[in-house]
Amino acid sequence: MQGKTQAVLRHNSELLTLSSDEVELILSGCQSDQEQVSDMLAVLYRHLAPKVGAEPSAISHWLRTRNRHLDARPLDLLGNIEGFRQTMKYLGAIDSSQIS
């Protein structure tokens with residue numbers, strides 16, 4: 001199971017253009033296991049791709065560019081559970097047109 005979990009985590013991180021170092025920071029910051037982080041990244045991708053497109057360059061740009069509504073780069077917020085929740089709440093607000 002561990003090998004499958006690692007493969008899924010690697011796949012999800014590649015969809016989000018995350019380096020192995022960035023994934024390690026997320027794993028350690030969230031204090032979660034690989035399966036939980038993999039699931040979190042999958043959810044993030046499913047919410048993000050329809051908004052910015054599935055192109056790696058668009059996803060990379062969104063994650064690595066300071067967002068004025070989040071007051072941070074989204075990638076920096078993914079290093080802990082609260083930051084992940086804040087990012088997902090922001091993406092949800094876009095869905096419901098609460099943010100322009």
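This briefing covers the nonpolar core, the helices, the largest pocket and some single residues of one structure. The model is predicted. Its largest nonpolar core holds 26 residues. The largest share of that core comes from helix α3. Helix α1 has its buried residues on one face. The largest pocket has about 170 Å³ of space.

**The nonpolar core**

- Four members of the largest nonpolar core touch the most other members: L16, L18, L44 and L63.
- Five helices each give this core at least two residues: α2 (20–30), α3 (34–52), α4 (56–64), α5 (74–77) and α6 (81–95).
- Helix α3 supplies seven core residues, the largest share.
- L44 has contacts beyond its neighbours within four places in sequence. These partners are L16, L63, L78, F84, T87, M88 and L91.
- Two of the partners of L44, L16 and L63, are also among the core residues that touch the most other members.

**Helix α1**

- Helix α1 runs over residues 2–15, which makes 14 residues.
- At 1.5 Å a residue, α1 should span 20 Å. The C-alpha atoms at its ends are 20 Å apart, so the expected and modelled spans agree.
- Which residues of α1 are buried? They are T5, L9, N12 and S13.
- Viewed down the helix axis, the buried residues of α1 fall within an arc of 100 degrees, so they line one face.
- K4 and E14 sit on the other side of α1, and both are exposed.
- Helices α2 and α3 are among the elements that cover the buried residues of α1.
- T17 follows α1 and has a positive phi, near 60 degrees.

**S13, a buried residue of α1**

- S13 belongs to helix α1.
- S13 has a relative accessibility of 6%; buried means under 20%, so S13 counts as buried.
- Outside its neighbours within four places in sequence, S13 is in contact with L18, V23 and L41.
- S13 is also one of the residues that line the largest pocket.

**The largest pocket**

- The space in the largest pocket comes to about 170 Å³.
- Its lining is made of Q6, L9, R10, S13, L18, S19, S20, V23, E24, L27 and Q34.
- Helices α1 and α2 each supply at least two residues of this lining.
- The lining includes L9, which is buried in α1.
- L18 is in the lining too, and is among the core residues that touch the most other members.

**Residues of helix α3**

- S38 is part of helix α3. Its relative accessibility is 3%, so S38 counts as buried.
- What is S38 in contact with, leaving aside its neighbours within four places in sequence? The partners are V8, L9 and N12.
- S38 and V8 are 30 residues apart in sequence, yet their C-alpha atoms are 6.7 Å apart.
- V43 also has its place in α3. V43 is partly exposed, with a relative accessible area of 25%.
- From V43 to M88 is 45 residues in sequence and 8.7 Å in space, C-alpha to C-alpha.
- A49 lies in helix α3 as well. Is A49 buried or exposed? At 12% relative accessibility, A49 counts as buried.
- A49 and L16 are separated by 33 residues in sequence, and by 9.1 Å between C-alpha atoms.

**Loop residues with positive phi**

- T17 is in the loop between α1 and α2.
- T17 is not a glycine, although its phi is positive, about 60 degrees.
- T17 has a relative accessibility of 23% and so counts as partly exposed.
- Where is Q31 found? Q31 is in the loop between α2 and α3.
- Q31 is likewise a residue other than glycine, with a positive phi near 50 degrees.
- Q31 reaches 72% relative accessibility; exposed means over 50%, so Q31 counts as exposed.

Definitions and conventions
Residues numbered from 1 in each chain as written. Predicted model: local features only at pLDDT ≥ 70, side-chain atom pairs only at ≥ 80, totals over all residues. Heavy atoms only, no water. Core = buried A, V, L, I, M, F, W, Y, C linked by side-chain atoms within 4.5 Å. Buried < 20%, exposed > 50% of the residue type's maximum accessible area, 1.4 Å probe, protein only. Helix = DSSP H or I, 4+ residues; strand = E, 2+ residues; numbered from the N terminus. Contact = heavy atoms within 4.5 Å. Expected span 1.5 Å × (residues − 1). Arc of directions from axis to C-beta. 1 Å grid on protein atoms, 1.4 Å probe; cavity = no way out; pocket = protein on both sides within 12 Å on 5 of 7 lines; lining within 4 Å. Points joined across faces, edges and corners; volume = space filled by probe spheres on them.
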